[in-house]
Amino acid sequence: MAEIIDGKAVSAHVRKQVADGVKGLSESAGITPGLAAVLVGEDPASEIYVRNKRKACEDAGMYSEEHRLPEETTEEELLALVHRLNTDDKVHGILVQLPLPGHINETNILRAVTPLKDVDGFHPYNVGLLVEGHPRFISCTPHGIMKMLEYYDIDVKGKEAVVVGRSNIVGKPVAILLLHSHATVTICHSRTRDLGEVTRRADILVAAIGRASFITADMVKEGAVVIDVGINRNEQGKLAGDVDFEAVKEKASWITPVPGGVGPMTISMLLWNTLESAKSFAAGKS
Ligand code: NDP
């Protein structure tokens, strides 16, 4: 029976560290870390994220501002806002909430955010630094996963790690981070042949697929550490991860639940990155 990796507990720990850091920076340098969130259109899930982010910023003593733009905003208008935020001294982190409406080119917008304030870690410059092994901002969900492993003293060195999913926001960066922590890493995707044969080799299994309860117990090795990134609605409309939690927990040594696992970590690491950014600005490194 697996032990639970409690994302809420780790998250509370990180947020306390961030709040202390915010206080310290304010006392030492007179700077309050600031996060600007940009939301275009009215995606209900994005609305919830942005609201939660604002609350988390306030709780940590950070400055936050929101820019809610109508669905019909043009790419030029959005670029103009991003350029303005790039040079706004109150703002140390810029977050453009995805998805953007179809008429706006996401790549153009994400590349317009200065890498110095790219707290999501999506800019190619920051992706390059991460791959090279000298990250400035590590994207928040993968960063949160590594924090959870660290918190519970789960050593990945020399272990077989299998990541299912190869997205730019989760699968690829988490695979790179595991690699840097000296795991032997395999990345799987929808064209992987005999997925179960690969996942059964995993000492550390990360599921970032987007399909409810897709990873079943027969795909998991006895004693594996299972990290479930998925946020899905199952057929009953209930929140479900990518892992069949009830069955897999009987086999795994550690497992993250959904909700209450990886999810809470994402916003915590966003705050962490914003604080780090503000510290760099304070030190004149930027
Ligand atoms: P994407 O849709 O961008 O990527 C999904 C990946 O899963 C793709 O690489 C895809 O392969 C792979 N995949 C899909 N079907 C299969 C299959 N049958 N077998 C093997 N691989 C498959 O999703 P994201 O990475 O953005 O998100 C993944 C999940 O994590 C979602 O549920 C999302 O909601 C959740 N999420 C949670 C966050 C959190 O804070 N906890 C943050 C971000 C995401 P291919 O590349 O071949 O298409």
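1. **Ligand contact at T266.** In this predicted model, the side chain of T266 places an N or O atom 2.7 Å from an oxygen atom of the ligand. That pair falls within the 3.5 Å cut-off, so it counts as a polar contact. The protein covers 72% of the 920 Å² of accessible area that the ligand has on its own.

2. **Backbone contacts to the ligand.** I231 uses its backbone here: a polar backbone atom sits 3.0 Å from an oxygen atom of the ligand. H189 also contributes through its backbone, with an N or O atom 3.4 Å from a nitrogen atom of the ligand. When you inspect the site, look at the main chain of I231 and of H189, and at the side chain of T266.

3. **The shell around the ligand.** How many residues surround the ligand? There are 22, and the closest are R166, S167, S190, I231 and T266. Two of these closest residues, I231 and T266, have been met above. By class, the shell has 10 nonpolar residues, 10 polar residues and two charged ones. Which helix gives the largest share of the shell? Helix α10, residues 262–282, does so with three residues.

4. **Confidence.** The mean pLDDT of the chain is 96. Of its residues, 99% reach 70 or more. Among the elements, strand β5 (residues 160–164) has the highest mean, 99. Helix α2 (residues 44–59) has the lowest, 88.

5. **Cysteines.** The structure holds zero disulfides. C57 is in none, and its nearest cysteine sulfur, that of C140, is 11 Å away. The reverse holds for C140: its nearest cysteine sulfur is that of C57, again at 11 Å. A disulfide needs the two sulfur atoms within 2.5 Å, so this pair does not qualify. Are these cysteines buried or exposed? C57 has a relative accessible area of 0%, which makes it buried. C140 has 4% and is buried as well.

6. **Cis peptide bond at P99.** The bond from L98 to P99 is cis, with omega near 0°. P99 is found in the loop between β4 (93–96) and α4 (106–112).

7. **Cis peptide bond at P259.** V258 and P259 are also joined by a cis peptide bond, with omega about 0°. P259 has its place in the loop between β11 (254–255) and α10. Helix α10 is the element that gives the ligand shell three residues.

8. **Positive phi at D153.** D153 is not a glycine, yet its phi is positive, about 55°. The residue lies in the loop between α6 (140–151) and β5. Its relative accessible area is 71%, so D153 is exposed. Strand β5, at one end of this loop, has the highest mean pLDDT among the elements.

9. **Positive phi at H182.** H182 is a second residue other than glycine with a positive phi, near 75°. Its loop runs between α7 (171–180) and β6 (184–188). Is H182 buried or exposed? At 53% relative accessibility, H182 counts as exposed. The cut-off for exposed is over 50%.

10. **G165.** This glycine is found in the loop between β5 and α7. G165 counts as buried, at 10% relative accessibility. How far apart are the C-alpha atoms of G165 and V91? They are separated by 33 Å, and the two residues are 74 apart along the chain.

11. **V220.** V220 lies in the loop between β7 (204–207) and β8 (225–228). At 1% relative accessibility, V220 counts as buried. From V220 to R136 the C-alpha distance is 34 Å, with their positions 84 residues apart in sequence.

12. **R84.** R84 lies in helix α3, residues 75–86. Its relative accessible area is 49%, so R84 is partly exposed. The exposed class starts over 50%. R84 and V113 are 29 residues apart in sequence, and their C-alpha atoms are 9.9 Å apart in space.

Technical notes:
Residues numbered from 1 in each chain as written. Predicted model: local features only at pLDDT ≥ 70, side-chain atom pairs only at ≥ 80, totals over all residues. Heavy atoms only, no water. Near = heavy atom within 4 Å. Polar contact = N/O pair within 3.5 Å; in protein donor to acceptor, adjacent residues only side chain to side chain. Areas by Shrake-Rupley, 256 points an atom, 1.4 Å probe, with all protein chains shown as cover. Helix = DSSP H or I, 4+ residues; strand = E, 2+ residues; numbered from the N terminus. Nonpolar A, V, L, I, M, F, W, Y, C, P; charged D, E, K, R; others polar. Buried < 20%, exposed > 50% of the residue type's maximum accessible area, 1.4 Å probe, protein only. pLDDT = per-residue confidence, 0-100.
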